[in-house]
Amino acid sequence: MNKAQPPWQKKSFAIIPWPYSRDGASVMKRRFLTAARKLGYWVAPSWLVGRTQPCLFIGHRRQDKLLKTSRYLVYSVAGMYLEDHFRRIGEVYGDRSFRPEYLVTNQEILDALTRADFVIYQSAWSKRNLDTLCKRPDNTWEIIHNAAPLDVFKPRPDWLDRVPDRPVIGAVGAMRTRPRLEVFFDVVRRLSVRPRLLLVGNLDHYCQSALDKARADPYWRDSITHFKSVPPNTLVNYYQQMDCLLHPVVGDSCPNVVVEALGCGVPVVCPLEGGTSELVGPGGVSVFDTDILYGEMLRAGLAQGIETVLANLPYYRQQARTQAEKNSSMDVVAPRFLKAIGFPV
């Protein structure tokens, strides 16, 4: 008598590469992995799962070998290197340029877009750009934003009624984009009130220099708090201290920090260009930029956006949480990922 197939073989798939690191893509994959396991799926590295099981993958060094297999492949992609973006930023910061190795990476992305069975784009903005490499046939792709467990990332008990004596403006994440903190400090310096600033994340040498310069400014006195890193299970405590998250990165595809802030009822102010504004929706303010990246129009607009949020905090707090519940809950997003991988939901 043939033995019945073990249940985990019927509901199993692989994730490649396994999400060991702390980068944004790995954070999202770990969250999805946890949600899938709670729903009864067996999720493991490819060598622990049968070779015929489907596989969710992002670009990695063994991609070409993976793409030659017969298994069902679902490619999750954030974006590509945009020559025009580097041209624009190079006009402001002369040491930034589009490098030859970026073409190699774009070719690898093109290979995956062409050969995968299904593609998950992190934002509509990302898809529009990636369509310049390869426009997928209908019914072979879906736009699925990053998500967070909203039972963890949730508002503090007094979130709607709390009136701050001084508003807290926050920035969270790996701050390795040269203009990020430079623009951040310039924007918050323009506000009609002097806020407290809460920064959480590692800094590259450009952002560290911007922080050192701000701390030397008598205007800020002791108003800046920076944590290089915090345990993941305590991150929600820092969001809950904020009245607004300023995410001034132009062209970000789908930042986890924005999803997390919205879940905590923290409104977000960001540039319109990129996938961030899709996440934020009515849960904050998105600001148009000109062809000159990080120019005066964007900086003034971001400052005005924060003023608008602070003048209507209960409304924007409620909108932020509602937006997260609607679009960025892992309970909502995980079934969509599973359906893309080929499992009925």
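Colleague: I'm trying to find my way around. Where is the place of Gln323?

Modeller: Keep in mind that this is a predicted model. Gln323 sits in helix H13, which covers residues 313-327.

Colleague: Is Gln323 buried or exposed, and how do I tell?

Modeller: Check the relative accessible area: under 20% means buried. Gln323 comes out at 7%, so it is buried.

Colleague: Which backbone oxygen does the side chain of Gln323 reach?

Modeller: That would be the one of Leu279, at 3.1 Å. Setting aside neighbours within four places in sequence, Gln323 also has Glu278, Val280, Gly281 and Pro282 among its contacts. Leu262 and Ser328 are on that list too.

Colleague: Okay, on to the strands. Why is strand E8 largely enclosed by the rest of the structure?

Modeller: E8 spans residues 196-200, and four of its five residues are buried, so the rest of the structure largely encloses it. As a general idea, side chains in a regular strand alternate between the two faces of the sheet.

Colleague: How many bridges join strand E7 to E8?

Modeller: Five, and the two strands run parallel. For one pair to look up, take Ile169, whose bridge partner in E8 is Leu197. Between the two strands, the chain passes through helix H7 (residues 179-188), making a right-handed β-α-β crossover.

Colleague: And which residue in E9 does Leu197 stand opposite?

Modeller: Ile224. E8 and E9 (residues 224-227) pair in the parallel sense, over four bridges. Here the chain gets from E8 to E9 by way of helix H8 (residues 205-215), and this β-α-β crossover is right-handed.

Methods:
Residues are numbered from 1 along each chain as its sequence is written. This is a predicted model: local features need pLDDT of at least 70, side-chain atom pairs count only at pLDDT 80 or more; totals for chains, interfaces and linings use all residues. Side-chain values use heavy atoms; hydrogens and water are left out. Buried means under 20% relative accessible area, exposed over 50%, partly exposed in between (1.4 Å probe, protein chains only). A polar contact is a pair of N or O atoms within 3.5 Å; within protein, one must be able to donate a hydrogen and the other to accept it, and residues adjacent in sequence count only if both atoms are side-chain atoms. Contact means heavy atoms within 4.5 Å. Two strands pair if DSSP finds at least two bridges between them. A crossover is right-handed if, with the strands pointing away from the viewer, the path from the first strand over the helix to the second runs clockwise.
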